[in-house]
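Me: I'm in my first year and still learning to read protein structures. Could you take one part of this one and walk me through it closely? I'd like to hear about the second chain and how its charged side chains meet the neighbouring chain.

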Amino acid sequence: MVAQEQEKHKPMIHVHDLWKSYGPFKVLQGLSLDVFEGETLVILGRSGVGKSVLLKQIIGLEKPDKGFVEINGTSIIDIPIQKRFKDVKKMGMLFQNAALFDSMTIEENTVFYLRQHEKIPEKELQERARKALQMVGLEGSEKKMPSEISGGMKKRAALARVIIYEPAIILYDEPTAGLDPITSVHINELINKTKEELKATSIVVTHDLRSALEVGDRLALHHEGKIEKIASKEQFFHIEDPLIQSFFEKASLKGVYD
Amino acid sequence: MYEIGVGSLPVVAITGFSTGMVLAAQSFFQLSDKGLASATGLMVTKAMLVELGPVLTAFMVTGRVGAAICAELGTMNVTEQVDAIRAMAVNPLRYLVAPRFIAGISMLPLLTIFSCIMGIMGGYMIAVYYYGMSPSSFLDPLPDHVDNFDVFSGIVKGLVFGIIIITICCYRGITTKGGAAGVGRATTNSVVVCYIVILIGNFLLTLGLNNSYEYFQEAFGW
């Protein structure tokens with residue numbers, strides 16, 4: 001989506017002047033951000049700068065000290081998640097360590113949302129779980145426990161748990177962290193496939209530049225509690241900013257878009 | 001309920017039974033040379049019903065169930081499983097805490113009664129089969145001196161201890177921070193706090209129940 005087109009549309013997610021501290025540590029310091037419908041915004045940044053904190057603010061797991069988050073023009077900070085899902089938009093989050101419920105099978109994990117919120121017969125639940133797991137390439141793993149599968153499979157199962165209820169917004173917290181390059185490529189492909197099939201608006205936080213290039217429509221640099229730079233994937237590489245250039249150099253990606 | 005109730009039966013049975021045996025042995029030993037051996041059954045029954053049954057059951061359930069609840073919820077919290085529940089618009093208090101709370105407050109009184117029965121059985125066996133008391137000497141004083149209020153006291157204590165254990169352990173679990181070390185600290189802390197609160201609570205409950213004895217006698221004809 002080009003800049004002029006975006007200006008015509010109101011952002012789906014509007015983060016305004018977000019502040020969050022933990023004791024003396026100021027994590028978010030007036031962070032503002034717009035995400036447009038259907039796009040995938042990748043937020044890059046070093047470990048520990050507060051990328052995950054930002055996602056938790058957006059989905060409502062934590063409240064900011066100051067500032068607000070709007071979804072389609074509705075401020076959601078004071079709306080409980082349950083009401084938010086019902087009245088504003090369904091959201092889903094892929095956690096850094098997958099956060100599968102380890103007392104449940106993969107199938108039970110996958111249908112968790114549906115079981116809690118929708119009255120669906122058991123057979124249909126199983127069918128929908130099968131389809132979701134098939135989409136992430138985990139067919140046949142329905143009865144396995146999370147402890148019996150690999151890290152990459154856990155991430156895919158966690159993604160199946162999100163996509164089964166077709167959220168309008170999906171937040172990915174370090175989706176490729178701790179995975180080997182081949183599994184990372186699979187996860188990136190899944191993120192793209194999910195975007196294509198669900199038409200979901202996505203925010204991906206990562207420090208993996210290769211992943212950012214594969215899944216992002218726009219890239220943003222999170223630095224010292226703020227979004228330092230934001231641009232389309234192609235433009236981002238040409239920004240003459242020492243911070244960004246140093247980021248690329250460290251990741252050996254300089255010259256990819258030359 | 002199965003995990004808290006049925007799962008705790010063996011440990012509660014062993015604790016109640018052995019405590020009843022010790023109580024009978026001590027009572028008989030201490031009272032027989034004063035001509036009060038016939039009070040053995042009464043001592044065992046009263047002590048088990050109003051004090052030892054509820055407190056020991058609560059201790060056992062704290063160690064077996066409370067610690068497990070705290071560790072489980074703590075692990076879920078530090079591995080973001082609780083966040084995942086919330087992120088899917090499910091209230092973790094309703095989903096994780098409420099079922100444990102209901103199971104705890106319904107199972108503790110039942111386990112307390114079970115522990116008391118086992119204690120009385122243990123005491124009976126020692127008094128009758130080891131010290132040679134006649135069964136009637138052990139059992140006959142009971143209908144006259146053990147009343148509904150004693151049973152009521154034990155059940156009320158079991159109920160309150162159930163609330164204490166589940167509340168403390170769930171709270172400590174769901175607020176755990178700091179990875180595996182944090183889970184360990186939270187679990188130890190929850191057990192220690194439970195023991196202290198149970199002991200203090202037992203004292204206060206004893207005072208409160210004893211002071212309300214006359215009220216219950218008049219109100220219910222006990």
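Reply: Happy to! In this predicted model, chain B is built from nine helices and has zero strands. Reading from the N terminus, the order of elements is simply α-α-α-α-α-α-α-α-α. The C-alpha trace of chain B spans about 65 × 40 × 25 Å along its principal axes.

Now look at how chain B is packed. Of its 222 residues, 50% are buried. Among contacts in chain B with a separation of 6 or more, 83% are between residues 24 or more positions apart. The accessible surface of chain B comes to about 10,300 Å², and carbon and sulfur atoms hold 70% of that. As for charge, chain B carries 10 positive and 12 negative side chains, with the centres of the two sets 16 Å apart.

Next, turn to the place where the two chains meet. Here 14 residues of chain B are in contact with 22 residues of chain A. Together the two chains bury about 1,600 Å², and 61% of this area is on carbon and sulfur atoms. Three residues stand out on the chain B side: Glu80(B), Met88(B) and Ala89(B) supply 37% of the area that chain B buries against chain A, more than any other three residues.

Let's stay with Glu80(B). The structure holds 18 salt bridges over all chains, and two salt bridges are found across the interface of chain B and chain A. One salt bridge pairs the side chains of Glu80(B) and Lys56(A), at 3.4 Å from N to O. Glu80(B) sits in the loop between helix H2 (40-78) and helix H3 (81-87) of chain B, while Lys56(A) belongs to helix H2 (residues 51-59) of chain A, so this pair joins two chains. Are these two partners buried or exposed? Glu80(B) has a relative accessibility of 13%, so it counts as buried. Lys56(A) counts as buried too, because its relative accessibility is 14%.

Follow chain B a little further and you reach helix H3, which holds both Arg86(B) and Asp83(B). These residues are three apart, about one turn of the helix, and their side chains meet in a salt bridge of 3.7 Å, N to O. Their surroundings can be read from their accessible areas: Asp83(B) is buried at 14%, whereas Arg86(B) is partly exposed at 26%. You can now put the pieces together, because Lys56(A), Glu80(B), Asp83(B) and Arg86(B) are linked in a network of salt bridges.

For another example, look inside chain A. The side chains of Lys63(A) and Asp78(A) form a salt bridge of 3.3 Å, N to O. This pair links distant parts of the chain, 15 residues apart: Lys63(A) is in the loop between H2 and strand S4 (66-71), and Asp78(A) is in the loop between strand S5 (74-75) and helix H3 (81-87) of chain A. Asp78(A) is exposed, with a relative accessible area of 63%.

Finally, chain A also offers a buried acidic side chain to look at: Glu174(A), with a relative accessible area of 6%. You will find Glu174(A) in the loop between strand S7 (169-173) and helix H8 (181-198) of chain A. Beyond its neighbours within four places in sequence, Glu174(A) is in contact with residues including Lys51(A), Lys155(A) and His207(A).

Notes: Residues are numbered from 1 along each chain as its sequence is written. Chains are lettered from A and ligands numbered from 1 in the order in which they are written. This is a predicted model: local features need pLDDT of at least 70, side-chain atom pairs count only at pLDDT 80 or more; totals for chains, interfaces and linings use all residues. Side-chain values use heavy atoms; hydrogens and water are left out. Helices (H or I, at least four residues) and strands (E, at least two) are DSSP runs, numbered from the N terminus. Buried means under 20% relative accessible area, exposed over 50%, partly exposed in between (1.4 Å probe, protein chains only). Contact means heavy atoms within 4.5 Å. Accessible areas come from the Shrake-Rupley method with a 1.4 Å probe; for residues, only the protein chains shown count as cover. Lys and Arg count as positive and Asp and Glu as negative; His and the chain ends are not counted. The place of a charge is taken as NZ of Lys, CZ of Arg, CG of Asp or CD of Glu. Buried area is the accessible area (1.4 Å probe) that two parts lose on being put together, summed over both. A salt bridge is a side-chain nitrogen of Lys or Arg within 4 Å of a carboxyl oxygen of Asp or Glu.
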